[in-house]
Amino acid sequence: MKGWLVEEFGGPEVMQWAELPDPVPASDEVAVDVHASGVNFAETRMRAGTYTGLASPIVLGLEGSGVVSAIGDKVTTCKVGDKIFFRGRGSHATKCLIKDYHAFPLPEGWTFEQGAAAGVGWLTAWHALHIVGGAKPGDKVLIEAIASSVGTAALQIAKAKGCWVVGTASQDEKLAKATEYGADALINYKTENVQERVMELTDGYGLDVGCMTIGEETASSLIESMAPEGRVCMYGSTGGRMVTFSLNIGARNIQLLSMSIDTSARYVPETIPSFRTEALELFRNGTFKPIIDTILPVSDVVRAHEMVGERHHFGKIILAVPQD
Ligand SMILES: NC(=O)c1ccc[n+]([C@@H]2O[C@H](COP(=O)([O-])OP(=O)(O)OC[C@H]3O[C@@H](n4cnc5c(N)ncnc54)[C@H](OP(=O)(O)O)[C@@H]3O)[C@@H](O)[C@H]2O)c1
């Protein structure tokens, strides 16, 4: 098999399309012939060496879709020959090894590219809103970076739950697209004051749930926009990690919640089963739609990383893996 290997962290030039050993599944693992792989912001940090706790070498990629080629003896989620989408490290490759609980059947009629856009962003947004943030019908929810892969999934999940949703982005073109997917209100956080706009939009009430992903640049304005008893759910720090805010949040009983689907003790026992039973059905009946911005050949991984840095994308950038 071949895959995008990083032996030494650094710039885009450190990514090498390398020959690698074929995967052999352990008893709870699944080997997949990869057809498409989703690109994530986190991979640009992984390649650069600024992703917390990661050592090299690594094969890039965190999710994808394809056909099951081998399974371990305890696997119950799929069988050889099944078309699946999945979450798993090393997906920017011709083959990938995943845990059985991360294999999801590719919905009828979906392309492999759609499947590759339904993993990490959706699991993260599901964990954030369904498990950690506890979003309820009628809640006022702000989603930072609404055009991101996680943000476009969070928008659809929050709307399906009956929430009122305001999204933020740095560019008006991305905000306009979010309207097409059901956002109730939008804020360009580069040109508008987030706290003032939230208070105008909610008649002075504020937010019940704040999905925080940018960090340093916008954290204090999001926290100041929260309603009493509001829940801030932090899952990213694209714009920097060092944040200053006033502890007067205690007087408003605001809850600061943080999460990582990699390390959460609730992810496998709670997020995966509810995603499998509830979210998969909403994918099948067309309520949930993975959003694809661009499909590139897997050979164009450098361009994919450039696009993440340029920040014009709405939804997922996909790498298609040719089948020969
Ligand atoms: N906690 C978890 O378990 C978990 C799992 C998956 C992803 N995440 C996090 O979720 C966030 C979104 O990930 P994604 O893969 O969906 O991202 P993505 O599709 O690549 O979008 C990232 C967006 O973040 C915004 N952004 C703000 N400051 C930025 C900066 N300095 N550099 C790059 N982008 C910046 C940009 O939108 P605007 O320009 O419109 O602001 C950008 O388009 C990331 O923070 C990621 O680390 C967390």
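These legends go with a few close-up views of a predicted model.

**View 1. Two domains and where they meet.** The domain assignment splits the protein into domain 1, made of 2-118 + 291-320, and domain 2, which spans 122-258. Going by C-alpha atoms, the centres of the two sit 28 Å apart. At the contact, domain 1 puts in 11 residues and domain 2 puts in 10. Look at the domain 1 side of that contact and you'll find a mix: 4 nonpolar, 4 polar and 3 charged residues.

**View 2. Strand 13 under cover.** Here's strand 13, residues 226-234. Most of this strand is tucked away, with 7 of its 9 residues buried. Strand 13 pairs with strand 12 and also with strand 14, so the next views take these partners in turn.

**View 3. Strand 12 alongside strand 13.** Strand 12 covers residues 207-212 and runs parallel to strand 13, with 5 bridges between them. For a landmark, find Cys 211, whose bridge partner in strand 13 is Cys 233. To get from strand 12 to strand 13, the chain goes by way of helix 7, residues 219-224. That β-α-β crossover is right-handed.

**View 4. Strand 14 alongside strand 13.** Strand 14 takes in residues 255-258. This pairing with strand 13 is parallel too, and 4 bridges hold the place of contact between the two strands. A handy pair to pick out is Val 232 and Leu 256, the latter in strand 14, which stand opposite each other.

Conventions:
Residues are numbered from 1 along each chain as its sequence is written. This is a predicted model: local features need pLDDT of at least 70, side-chain atom pairs count only at pLDDT 80 or more; totals for chains, interfaces and linings use all residues. Domain bounds come from an automatic or database domain assignment. Two residues are in contact if their C-beta atoms, placed from the backbone, lie within 7 Å. Ala, Val, Leu, Ile, Met, Phe, Trp, Tyr, Cys and Pro count as nonpolar, Asp, Glu, Lys and Arg as charged, and the others, Gly among them, as polar. A residue is buried if 20 or more other C-beta atoms lie within 10 Å of its own, exposed if 12 or fewer, and partly exposed in between; C-beta atoms are placed from the backbone. Two strands pair if DSSP finds at least two bridges between them. A crossover is right-handed if, with the strands pointing away from the viewer, the path from the first strand over the helix to the second runs clockwise.
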